[in-house]
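Here are a few exercises to work through with the model open beside you. Try each task before reading its solution.

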Amino acid sequence: MEERFYREREIARQPAFLPAATYNLAHTLLARAGTYLFVPIRSLQYMAVLDVEEIIFIDSQNKAWVELAWQCFRPQARSALNERVPFEVVHYAPQAEQTMKRLPHEFLQALQMLAGRDLPQQDARVLPLVRRPRAE
């Protein structure tokens with residue numbers, strides 16, 4: 001299935017920081033998913049789409065139009081994995097500033113819910129390795 005998203009002209013660009021827990025979990029889930037990761041944020045009725053370069057956010061009312069994006073992540077700027085990550089918030093719609101007030105918290109909750117669903121469904125077992133005698 002192919003999804004296409006469109007952007008209006010950029011309205012604003014602001015520096016921000018993403019907590020380490022959010023950044024690390026997002027990239028762990030993306031690595032498991034492959035090229036793209038779709039994260040439903042049910043509490044806001046939004047969809048987040050992650051790739052290696054950015055995270056875009058789409059309102060359920062305007063399904064093909066990007067309202068805002070998180071771009072230019074610089075994880076190399078941190079000296080430890082538990083430090084926040086600098087990035088830029090790009091607004092494409094007037095309501096993006098209001099959405100951004102709740103988005104970081106709700107996005108983390110959506111990631112945690114997604115991670116919880118991806119847990120193994122059964123206990124792990126250790127299989128014994130039995131060496132067979134060589135035939136001479």
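## Exercise 1: the enclosed space

α2 gives the largest share of the lining of the largest cavity, namely four residues. Before going on, note that this is a predicted model, in which local features need pLDDT of at least 70, side-chain atom pairs count only at pLDDT 80 or more, and totals for chains, interfaces and linings use all residues. Residues are numbered from 1 along each chain as its sequence is written, and side-chain values use heavy atoms, with hydrogens and water left out.

Task: which residues line the largest cavity, and what is its volume?

Solution.
- Start with the terms: on a 1 Å grid over the protein atoms alone, a cavity is a set of points where a 1.4 Å probe fits but cannot get out, and lining residues have an atom within 4 Å of a point.
- The structure holds one cavity of 30 Å³ or more, and the volume of the largest cavity is about 40 Å³.
- Its lining consists of Val 39, Pro 40, Arg 42, Ala 110, Met 113, Leu 114 and Arg 117.
- At least two lining residues come from each of β2 (37–41) and α2 (96–117); helices (H or I, at least four residues) and strands (E, at least two) are DSSP runs, numbered from the N terminus.
- Sorted by class, the lining has five nonpolar, no polar and two charged residues.

## Exercise 2: two helices

Task: at what angle do the axes of α1 and α2 cross, and which residues meet?

Solution.
- The axes of α1 (residues 20–33) and α2 come within 10 Å and cross at roughly 40°.
- That makes α1 oblique to α2, since angles under 35 degrees count as roughly parallel, over 145 as roughly antiparallel, 65 to 115 as roughly perpendicular and the rest as oblique.
- From α1, Ala 21, Thr 22, Leu 25, Ala 26 and Leu 29 meet Phe 107, Leu 108, Leu 111, Gln 112, Leu 114 and Ala 115 of α2, where contact means heavy atoms within 4.5 Å.
- The residues of this contact divide into nine nonpolar, two polar and no charged.

## Exercise 3: the open spaces

Task: what are the volumes of the largest and the second largest pocket?

Solution.
- A pocket is an open set with protein on both sides within 12 Å along at least five of seven lines.
- The largest pocket has about 310 Å³; of its 13 lining residues, Glu 3, Phe 5, Tyr 36, Val 49 and Ile 56 are the closest to its centre.
- The second largest pocket has about 230 Å³, and nearest its centre, among 13 lining residues, lie Tyr 46, Met 47, Ile 58, Ser 60 and Lys 63.

Conventions
Points joined across faces, edges and corners; volume = space filled by probe spheres on them. Nonpolar A, V, L, I, M, F, W, Y, C, P; charged D, E, K, R; others polar. Axes fitted to C-alpha atoms, helices over the stretch in contact; angles between N-to-C directions.
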